[in-house]
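Q: Please take a close look at how strands pair in this model, beginning with a single sheet. A connected account would be welcome, with any neighbouring topics that help to set that part in context.

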Amino acid sequence: MEDRSAGSLVRENLQNGPKLVNLWGATERISVASVGPRGFRLCTTPPLMSVPPTAKLAIETDYRPIEHYGLIGDMHTVALVSKGGSIDWCCLPRFDGPSVFARLLDAKKGGHFQIKLRADTMTTKQFYWPETNVLVTRFLSADGVGEVRDFMPVAGRAYDPRQRQIIRTVRAVRGTVTFHVECQPAFDYARADHETELFRKGACFQTPDRALNLAAAVNLRKSGGGVRADVTLDEGESTTLVLRDIDPGDRCVRTLAPTEAEQAFRDTVQYWRDWLSQCTYTGRWRETVHRSALTLKMLTYEPTGAIVAAPTCSLPEDIGGARNWDYRYTWIRDATFTLYAFLRIGFTEEARNFIDFLSQLYTEDAAGEGPLQIMYGIDGEIDLVEETLDHLEGYRGSAPVRVGNGAHNQLQLDIYGELIDAIYLHDKYGVPISYETWQSVRSFVDWVCENWHRADEGVWEVRGEQQQFVYSKLMCWVAVDRGLRLAQKRSLPADEPAWRQCRNEIYETIMERGWNEERQAFTQQLDGHVLDASNLMMPLVHFMSPGDDRILQTLDATLQSPKEGGLVSNGLVYRYNTDETHDGLDGEEGTFNICTFWLVEALTRASQEEPERLEDARLVFEQMLGYANHLGLYGEETGTHGEALGNFPQAFTHLALISAAYNLDRTLDGQ
């Protein structure tokens, strides 16, 4: 098919392009065609109008689609609340603690805390209270309208700040409605038995190690290992249920009075609005960026400043497959993106807290092969032993269910580039580098100079043999380059001649062995032929000019459809071709959301040389916004039918969204 101008093809796709129907009830979206050299091309994929197997399974089982969930949190842990009013995932007392509700991973045994309207037919809606992380689930029925306001108070509000609390206020908005309440905890990933004790206006669930207190001004009755109740409210009436994490043996306390519940709600709303008021971004996608920032704040562990990659574990990248991992830890590679995103939109305190967390790791002994390991626990833990929970069936039968992460002791050379780039950015936009931090940077750069040539598991954490990944070499170049820049800018002591020689050697290696003349693209491995979306980062880290012919040719090769050897399907980007890459795993996966936002940035920067690319970047970005869920949240991947896959929500994706929005907006404004 011949090349066409971006403008004409955009119009043609909007007028005639196939429609992608979101089978879970979201707004119908236009499908963007695959992208070819210098512009968009028509998509030959037929419209997906039939119900896919996963949609049928969603109808026949108790599992909800991953994208049907919202998030509430208090910077210690979170809870996932479905559109049906059910908390189906929550770990206490912190992100990486054992779950007390895990219906996401086992519909029968996992545990849940549901509040829903009793009605034969109803419609549900879910939204965030404006500029906050207070979640509202609304039920519309023939009898009237009811809603549940869910939030977790931040420290110092609503009783003991040491307690993790979930406040659920149930209201009759219109008419007379009856709610059904059901709380079925399942402690320690449904491995620990517990005792249930009813008392006046509440219940306690006790194990030898953990306990929960459900305080409610309703008549609870036992149901198996949990409790249930029905509550009828007339228009304007409300009642509040409070679930508290308590120590075993502690007394159970009363629920909040209406005035106390209202004050806790107002305090929480004010906290989030005060925090968000620091944001300096005022561009085209302001609400989208705000939602991503609020989500990232919820994924921050307040005591240390660490940010979890995602608050869930073992949500599959392929339904029924084995690509199920625990993401409730902090990855070093997220450092650069975290710092860049927070600094660009005004959150300097969050950037400083994250750098402080990283600085505590500089002197830690790593369990892996380098001076640092690739990920840490939210308190800096290094022992993240991976185990499988065979008693849980997994989300829609996607076993095994894993907790812990066996990749923690892998060798991934790229982390040193990302870490030192984060330190460089913080020195540039935040606080100048300290002597102690420079000592660590100097030792890291020296180590990279001695080890950059080694094979490793790479950015995608392959579970097969170590390989010579181009992206790993690229980030080693970044590590040495940023070390040199810091030394020169701050007049710091360093072995600059040796570092400069190393940087040159890495550069020459990438240019000579990372480039495939036949593919006319940079490849995944040295002397390889497979494409990898991570190479879209080359112009973003200033390795090469975004207008360099090799960068533009790599971009064009990537933009081809998978059938044509590329990585882009209807504007969404695969990280690599699983049939060609030996990653040590079976099964397939969806498109990687972060890679799609990398594509937006690469196209944006390429528009400096070829202005027509800017329209392409905007169209891909706008389309990608349509794959967020009803609350603006993203999982790790997007499946072939537009469904969310992988752990949810994904911090890395929201960081990349902020960066792409910031740079695209500035470029559209001619800055």
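A: Two strands are taken to pair if DSSP finds at least two bridges between them. With that cut-off in mind, the account can begin; the model under discussion is a predicted one.

The sheet in question is open and is formed by 3 strands, arranged in the order S31-S32-S33 with antiparallel pairing. Strand S31 covers residues 591–592 and strand S33 covers residues 644–645; because each of these edge strands has a single partner strand, one side of each is left without a neighbour in the sheet. Strand S32, residues 637–638, pairs with S33 in the antiparallel sense, and 2 bridges join them. Within this pairing, Glu637 stands opposite Leu645 of S33. In general, strands of a sheet pair through backbone hydrogen bonds, in either a parallel or an antiparallel manner.

Another antiparallel arrangement in the model offers a useful comparison. Strand S14 (residues 177–184) and strand S19 (residues 226–233) pair in the antiparallel sense over 7 bridges. One of the positions in this pairing is Val177, whose bridge partner in S19 is Leu233. S19 also pairs with strand S18 (residues 221–223), again in the antiparallel sense, over 3 bridges. Here Ser223 stands opposite Gly226 of S19. S18 and S19 form a hairpin with 2 residues between them, and in the turn Gly224 has a positive phi of about 65°.

The helices provide an antiparallel case of another kind. Helix H8 spans residues 414–429 and helix H9 spans residues 435–451; their axes come within 11 Å and cross at roughly 150°. An angle over 145 degrees counts as roughly antiparallel, and H8 and H9 are therefore roughly antiparallel to each other. The crossing in which H8 passes H9 is left-handed.

The enclosed spaces complete the description. The structure holds 7 cavities of 30 Å³ or more, and the largest cavity has a volume of about 350 Å³. Its lining is made up of 24 residues, and those nearest the centre of the largest cavity are Tyr327, Val459, Glu461, Arg575 and Glu636. By residue class, the lining of the largest cavity divides into 12 nonpolar, 3 polar and 9 charged residues.

To return to the sheet: its strands follow the order S31-S32-S33, S31 and S33 stand at its edges, and Glu637 faces Leu645 across the pairing of S32 with S33.

Methods:
Residues numbered from 1 in each chain as written. Predicted model: local features only at pLDDT ≥ 70, side-chain atom pairs only at ≥ 80, totals over all residues. Heavy atoms only, no water. Helix = DSSP H or I, 4+ residues; strand = E, 2+ residues; numbered from the N terminus. 1 Å grid on protein atoms, 1.4 Å probe; cavity = no way out; pocket = protein on both sides within 12 Å on 5 of 7 lines; lining within 4 Å. Points joined across faces, edges and corners; volume = space filled by probe spheres on them. Nonpolar A, V, L, I, M, F, W, Y, C, P; charged D, E, K, R; others polar. Axes fitted to C-alpha atoms, helices over the stretch in contact; angles between N-to-C directions. Parallel < 35°, antiparallel > 145°, perpendicular 65-115°, else oblique. Left-handed = near helix turned anticlockwise from the far one by under 90°.
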